[in-house]
Amino acid sequence: MRDEQTRAAIRTGLIKTMWGQIIAPLESAANLARTRVLRYKKQAKQEALTQYAEQFDTPPAKRRLEAYEAYHALLEKLLVRLRKYKDKADQTPAAVAVAKAKELPNVGKDWVDWIPDEIKLTFTKAIASVHEYPEVPIVAFPHNVKKRKPRLQVPRSKAKREPSKIELLREECKRLDRDNLLEPTPEKEQLLAHKTAELAQAKLDKNRANAAKQYAQIKAEREAFKARLAQGD
């Protein structure tokens with residue numbers, strides 16, 4: 001069994017990893033928004049020097065800049081909020097989602113879920129209204145960013161063997177231990193202790209079976225040796 005300090009360190013690491021998986025795509029979205037803000041600042045500055053801009057109360061380039069500045073500010077504000085949860089690392093994203101906003105979709109697994117639907121709708125409409133072709137329109141609130149390409153299935157000459165009882169129990173113990181580290185409860189402790197004892201018994205049974213098999217093999221070899229000696233006599 002791990003000591004309390006080690007368990008606390010592992011729990012903190014797991015929680016920070018979970019928050020990091022939410023924050024990473026949000027940082028990418030914020031960087032993209034920042035790039036467009038810088039570009040539109042230059043365009044707005046150039047447009048302001050033309051007679052075309054005088055036809056509008058707010059010239060098109062400036063409206064586009066204002067929309068993206070507001071969008072970028074929204075993402076940066078959310079980044080600050082989520083980074084605080086990551087640095088504190090005392091609750092999982094799911095636990096915070098349940099505690100802070102019971103209506104949060106998808107239990108907060110995606111950064112998009114942390115923004116209310118009415119705000120997402122407002123910004124989506126605002127960005128769409130200032131978009132100009134041929135520039136590729138930005139997806140303001142994407143889900144499942146940068147999906148990994150599926151691996152090619154390599155044909156195998158042999159069928160994959162089924163996992164043994166010990167392997168299944170070992171994986172279940174790892175999962176239970178991880179869950180208990182993140183959200184400890186007496187019930188999880190009891191179930192983990194039960195499965196750990198079951199795993200230990202399965203290992204003991206396997207060792208006994210292997211010992212019995214080895215003994216039977218040695219005994220058979222001795223009997224065969226004795227039989228050859230008797231025939232030689």
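Trainee: In which helix is Ala97 found?

Mentor: In this predicted model, Ala97 is found in helix H3, which runs over residues 93-100.

Trainee: Why does Ala97 count as buried?

Mentor: The relative accessibility of Ala97 is 3%, and the cut-off for a buried residue is under 20%, so Ala97 counts as buried. As for its surroundings, the C-alpha atom of Ala97 is separated by 9.1 Å from that of Lys109, a residue 12 positions away along the chain.

Trainee: Why does Asp117 count as exposed?

Mentor: Asp117, which is found in helix H4, has a relative accessibility of 55%, and a residue is called exposed when that value is over 50%, so Asp117 counts as exposed. Between the C-alpha atoms of Asp117 and Leu104, which are 13 residues apart in sequence, the separation in space is 9.9 Å.

Trainee: What share of the protein is buried?

Mentor: Of the 233 residues in the protein, 29% are buried. The secondary structure comes to 6 helices and 0 strands, and the pattern read along the sequence is α-α-α-α-α-α. Among the contacts with a separation of 6 or more, 74% join residues that lie 24 or more positions apart.

Trainee: How do you know that the span of H2 agrees with its number of residues?

Mentor: Helix H2, covering residues 60-88, has 29 residues, which at 1.5 Å a residue should span 42 Å, and since its end C-alpha atoms are 43 Å apart, the two values agree. A comparable check can be made on helix H5, residues 165-182, whose 18 residues reach 26 Å from the first C-alpha to the last, close to the 26 Å expected.

Trainee: What makes Ala89 stand out just after H2?

Mentor: Ala89 takes a positive phi of about 50° although it is not a glycine, whereas most residues other than glycine have a negative phi. The residue sits in the loop between H2 and H3, and with a relative accessible area of 5%, set against the cut-off of under 20%, Ala89 is called buried.

Trainee: Why is H1 called roughly antiparallel to H2?

Mentor: The axes of helix H1, residues 4-47, and H2 cross at roughly 160° and come within 8 Å. Angles over 145 degrees count as roughly antiparallel, which is why H1 is described in that way relative to H2. The contact of H1 with H2 has 20 nonpolar, 3 polar and 13 charged residues, and H1 passes H2 in a left-handed crossing.

Trainee: Why are H2 and H4 called roughly antiparallel to each other?

Mentor: The axes of H2 and helix H4, residues 117-129, come within 9 Å and cross at roughly 150°; this angle is over the cut-off of 145 degrees, and the pair is therefore roughly antiparallel. The crossing of H2 and H4 is left-handed. On the side of H2, the contact is made by Arg63, Ala67, Tyr68, Ala70, Tyr71 and Leu74, while H4 contributes Ile119, Phe123, Ala126, Ile127 and Ser129. By class, the residues of this contact divide into 9 nonpolar, 1 polar and 1 charged.

Trainee: What makes H1 and H5 roughly perpendicular to each other?

Mentor: For H1 and H5, the axes come within 9 Å and the crossing angle is roughly 85°. The range for roughly perpendicular is 65 to 115 degrees, and H1 and H5 are therefore given that description. In this contact, Arg7, Ile10, Arg11, Leu14, Ile15 and Met18 in H1 meet Asp177, Arg178, Asn180, Leu181 and Leu182 in H5. These residues divide into 6 nonpolar, 1 polar and 4 charged.

Trainee: Which residues are buried in H5?

Mentor: In H5 the buried residues are Ile166, Leu169, Cys173, Leu176, Asp177, Asn180, Leu181 and Leu182. Asp177, Asn180, Leu181 and Leu182 are also among the residues of H5 that meet H1. As background to such a list, an α-helix has 3.6 residues a turn, so residues three or four places apart point the same way.

Conventions. Residues numbered from 1 in each chain as written. Predicted model: local features only at pLDDT ≥ 70, side-chain atom pairs only at ≥ 80, totals over all residues. Heavy atoms only, no water. Helix = DSSP H or I, 4+ residues; strand = E, 2+ residues; numbered from the N terminus. Expected span 1.5 Å × (residues − 1). Axes fitted to C-alpha atoms, helices over the stretch in contact; angles between N-to-C directions. Parallel < 35°, antiparallel > 145°, perpendicular 65-115°, else oblique. Left-handed = near helix turned anticlockwise from the far one by under 90°. Nonpolar A, V, L, I, M, F, W, Y, C, P; charged D, E, K, R; others polar. Buried < 20%, exposed > 50% of the residue type's maximum accessible area, 1.4 Å probe, protein only. Contact = heavy atoms within 4.5 Å.
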